[in-house]
Amino acid sequence: MSRVYNFSAGPAVLPEEVLLEAQAELLDYQGCGMSVMEMSHRTKVFDSIIEGAEADLRELMNIPDDYEVLFIAGGATLQFAQVPMNLMKNRVADYIVTGQWAKKAYQEAAIYGKANKIASSEDKTFSYIPDCSDLPVSPDADYVYICENNTIYGTKYKTLPNTKGKLLVADVSSCFLSEPVDVTKYGLLFGGVQKNIGPAGMCIVIIRKDLITDDVLEGTPTIMKYKTQADAHSLYNTPNCFCIYMCGKVFKWLKKMGGLEEMKKRNEKKAALLYDYLDSSKLFKGTVRKEDRSLMNVPFIIGDAEKEAKFVKEADAAGLKSLKGHRSVGGMRASIYNAMPYEGVVKLVEFMKKFEEENL
Ligand SMILES: *Cc1c(COP(=O)(O)O)cnc(C)c1O
């Protein structure tokens with residue numbers, strides 16, 4: 001077996017320990033004689049898997065009792081529609097557009113009502129987070145929407161926007177569980193799990209219970225109502241059982257590692273190593289305004305397409321995988337999620353230094 005350092009933005013690296021555990025349980029989950037993949041979701045065994053996962057997530061994030069945790073299929077993209085269908089009571093919502101994912105959510109919301117773009121950083125290729133201290137929040141807005149960590153561009157909100165009393169909705173896909181958060185600041189937060197938690201195809205939605213009602217937009221399909229999902233404890237239809245099981249294992253791993261305070265420390269240490277090098281390099285350059293830099297996704301460029309292609313190719317051959325930047329930005333991007341060990345970033349920086357010496 002040979003494992004690489006996988007810098008993919010998602011689906012992304014998972015803790016090796018978790019993969020080994022899943023491997024050991026693949027044919028016979030805890031004496032059941034079958035895999036979790038083969039198991040009915042209406043069994044006591046699966047009940048304990050999903051309940052355990054929720055309990056561990058609640059503990060990790062300190063989720064208050066007046067918030068519901070939902071495991072919903074369809075990924076983060078489904079939420080771009082599910083959020084307006086359920087929350088756009090006045091058919092008005094304000095969107096802060098800081099990248100492709102926020103833009104997609106904004107465009108989707110415009111199908112259901114009046115979506116206002118109240119701020120954007122598109123003027124500088126989404127390389128910064130706009131000042132959100134005094135935005136023109138619409139008086140009748142049902143919510144203010146953000147993408148908290150911009151996976152493609154490598155920016156992250158360090159302060160949440162002033163929503164002037166309106167509900168805050170956040171897509172946290174690529175910063176989920178990377179550091180502690182105050183859940184009470186949000187009406188709803190959601191994240192596709194394949195960035196920092198588990199396999200693809202599922203989203204975790206954390207929503208304040210009073211927002212879960214039958215008062216949804218006309219024509220909303222039954223399965224798209226948060227109320228349907230909440231009433232059925234995420235088992236309205238057959239869920240992605242194996243994904244929930246894997247997420248549960250990652251939650252346990254995070255608890256064992258010391259929880260989110262500890263993850264934040266580790267993530268800061270990893271990111272600092274890479275950013276410090278980028279700041280000192282004569283060949284590579286970070287693309288994001290310093291104060292808005294993400295701990296999770298680090299885009300960088302050389303500014304010479306040929307050298308960049310060479311870098312990605314040689315890095316790949318050296319076991320440093322998926323460093324090519326998103327097609328809309330070019331250059332390179334290293335995603336250094338929770339499961340990326342410090343050693344992986346050390347190896348990357350060593351490789352970059354060597355490449356710089358040879359190619360400057
Ligand atoms: C990856 C990503 C998405 C899309 O997730 P899917 O699971 O593919 O729907 C949405 N938002 C952000 C911030 C992402 O990083």
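## A ligand shell and two helices

Visitor: Which atom of the ligand lies 2.9 Å from a polar side-chain atom of glutamine 194?
Guide: Happy to start there, keeping in mind that this is a predicted model. The polar side-chain atom of glutamine 194 sits 2.9 Å from the ligand, and its partner there is an oxygen atom.

Visitor: How much of the ligand's accessible area does the protein cover?
Guide: On its own, the ligand has 390 Å² of accessible area. Of that area, the protein covers 88%.

Visitor: Which residue has a side-chain N or O atom 2.6 Å from a nitrogen atom of the ligand?
Guide: Threonine 77 pairs with an oxygen atom of the ligand, at 2.5 Å. The nitrogen atom, at 2.6 Å, is matched by the side chain of aspartate 171.

Visitor: Which element gives the most residues to the shell around the ligand?
Guide: The shell includes Gly75, Ala76, Thr77 and Phe80, and helix H3 spans residues 75-87. With four residues, the top contributor is H3.

Visitor: Is glutamine 79 buried or exposed?
Guide: Glutamine 79 belongs to helix H3, and its contacts beyond four places in sequence include Ile72, Phe190 and Tyr226. Its side chain also makes a 2.6 Å polar contact with that of tyrosine 226. Buried means under 20% relative accessible area; because its relative accessibility is 0%, glutamine 79 is buried.

Visitor: Which helices do the buried residues of H9 pack against?
Guide: H9 covers residues 342-359, and its buried residues include Val345, Leu348 and Phe355. They pack against strands, among them E1 and E12. The helices they pack against are H7 and H8.

Notes:
Residues are numbered from 1 along each chain as its sequence is written. This is a predicted model: local features need pLDDT of at least 70, side-chain atom pairs count only at pLDDT 80 or more; totals for chains, interfaces and linings use all residues. Side-chain values use heavy atoms; hydrogens and water are left out. Helices (H or I, at least four residues) and strands (E, at least two) are DSSP runs, numbered from the N terminus. The expected span of a helix is 1.5 Å times one less than its number of residues. Buried means under 20% relative accessible area, exposed over 50%, partly exposed in between (1.4 Å probe, protein chains only). Contact means heavy atoms within 4.5 Å. A polar contact is a pair of N or O atoms within 3.5 Å; within protein, one must be able to donate a hydrogen and the other to accept it, and residues adjacent in sequence count only if both atoms are side-chain atoms. A residue is near a molecule or strand if one of its heavy atoms lies within 4 Å of it. Accessible areas come from the Shrake-Rupley method with a 1.4 Å probe; for residues, only the protein chains shown count as cover.
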